[in-house]
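Here is a short briefing to read alongside the coordinates. Have the sequence and the 3D view open, and follow the topics in turn.

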Amino acid sequence: MALSKVQVEETLELFANNFVFESAGINRKRLFQRFGDTFGQGIVEWHDLVLSILKEKDVCDEIVNEFILLTNEKKIVDSVYEYRELTERDFSMVRELLNRSFDLILTEFDDEHLKKFINGYSLVACDKEDIVGVIMSYPIISLQSNMIYVDSLAVAEYARGRGIARGLLDNVRTKAVKNRIYCLKLMTDKHLDAYQMYKHMGFSESKYVLMSKW
């Protein structure tokens, strides 16, 4: 349902107030991302409208600049690469990308295994004809909660540091929110560089303990 003009103004005003009073860094970034996923596509040029509200409130330059930085990061990610759903024609390039990223021969990633990830939540990032990033994820529907589990995320070595990982995660999150799924989960090792990357993106450690038996 489209929001009325009054509803748009009230929604943006509420977001601007929350952004101002939220603590800087990851918390504001998480708020920014969640608002964009939930309301952004339904409010034309919401970034510019919120920026106007912040300036009218005469908030400090630090907060305004942080909002501008988040907006610019989002626009760069969206404009440089194409993000689309994984298809069978991508399997060869995706398999090669995963092998190089994890320095393994992933024999289990044959075509039949990869087909399981054609579910709407596995995406590739493309630079023209080249696949420079991939996220392999799938939905888990349970009585406790619905979630998207991120099985693998890989970016070509020469393309790292350009926001591709964030772009893949943001696009998966947007798809999930449209289907009323509000949680992304993944598993990583604290000794890997990826651990710090995920923390920077707003992921938090679960209170639950991973248990296994051989």
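E96 counts as partly exposed, because its relative accessibility is 39%. In this predicted model, the side chain of E96 meets that of R100 in a salt bridge, 3.2 Å being the figure for another pair and 2.8 Å, N to O, the figure here. From this pair we can move on to the other salt bridges, then to helix packing and a few single residues.

**The pair within helix α5**

- R100 and E96 both belong to helix α5 (residues 91–102), and because they are four residues apart there, about one helical turn separates them.
- R100 counts as exposed, because its relative accessibility is 65%, whereas its partner E96 is partly exposed at 39%.
- As a general point, side chains of opposite charge can pair when their charged atoms come close.

**Other salt bridges**

- How many salt bridges does a search of the whole structure find? The search gives nine.
- One salt bridge joins the side chains of K175 and E85, at 3.2 Å from N to O.
- This pair links distant parts of the chain: K175 sits in helix α7 (residues 164–178) and E85 in strand β1 (residues 82–85), 90 residues apart.
- K175 is partly exposed, because its relative accessibility is 26%.
- E85 is likewise partly exposed, with a relative accessibility of 38%.
- K190 and E205 also meet through their side chains in a salt bridge, with 3.5 Å from N to O.
- K190 lies in the loop between β5 (184–186) and α8 (193–200), while E205 is in the segment after α8, so the pair ties together parts that are 15 residues apart in sequence.
- K190 itself is exposed, with a relative accessible area of 55%.

**Helix α1 against helix α2**

- The axes of α1 and α2 come within 10 Å and cross at roughly 165 degrees.
- Angles over 145 degrees count as roughly antiparallel, and α1 is therefore roughly antiparallel to α2.
- The crossing of these two helices, α1 and α2, is right-handed.
- On the α1 side the contact is made by T11, L12, F15, N18, F19 and V20, and on the α2 side by R28, L31, F32 and F35.
- Sorted by type, the residues of the contact of α1 with α2 are seven nonpolar, two polar and one charged.

**Helix α1 against helix α3**

- Helix α1 (residues 5–21) also meets helix α3 (residues 46–56): their axes come within 10 Å and cross at roughly 65 degrees.
- Which way does α1 pass α3 here, left-handed or right-handed? The crossing is right-handed.
- Helix α1 contributes L12, E13, F15, A16 and V20 to the contact, and α3 contributes W46, L49, V50, I53 and L54.
- The residues of the contact of α1 with α3 divide into nine nonpolar and one charged, with no polar residue.
- L12, F15 and V20 of α1 take part in the contact with α2, and L12, F15 and V20 also appear in the contact with α3.

**A buried glutamine in α2**

- Q33 has its place in helix α2 (residues 26–38).
- Is Q33 buried or exposed? Q33 counts as buried, because its relative accessibility is 10% and the cut-off for buried is under 20%.
- Leaving aside residues up to four places away in sequence, Q33 touches R166, D170, R173 and M201.

**Positive phi values in loops**

- D58 has a phi near 60 degrees, a positive value in a residue other than glycine.
- D58 is placed in the loop between α3 and α4 (61–80), and with a relative accessible area of 68% it is exposed.
- K128, which is not a glycine either, has a positive phi near 60 degrees.
- K128 lies in the loop between β2 (123–127) and β3 (130–140), and K128 is exposed, with a relative accessible area of 75%.

**A lysine in α4**

- K75 lies in helix α4 and is partly exposed, with a relative accessible area of 45%.
- How far apart are K75 and R180 in sequence and in space? K75 and R180 are 105 residues apart in sequence and 25 Å apart in space, from C-alpha to C-alpha.

Notes: Residues are numbered from 1 along each chain as its sequence is written. This is a predicted model: local features need pLDDT of at least 70, side-chain atom pairs count only at pLDDT 80 or more; totals for chains, interfaces and linings use all residues. Side-chain values use heavy atoms; hydrogens and water are left out. Buried means under 20% relative accessible area, exposed over 50%, partly exposed in between (1.4 Å probe, protein chains only). Contact means heavy atoms within 4.5 Å. Axes are lines fitted to C-alpha atoms, for helices over the stretch in contact, and angles run from 0 to 180 degrees between N-to-C directions. A crossing is left-handed if the near helix is turned anticlockwise from the far one by less than a right angle, and right-handed if clockwise. Ala, Val, Leu, Ile, Met, Phe, Trp, Tyr, Cys and Pro count as nonpolar, Asp, Glu, Lys and Arg as charged, and the others, Gly among them, as polar. A salt bridge is a side-chain nitrogen of Lys or Arg within 4 Å of a carboxyl oxygen of Asp or Glu. Angles under 35 degrees count as roughly parallel, over 145 as roughly antiparallel, 65 to 115 as roughly perpendicular and the rest as oblique.
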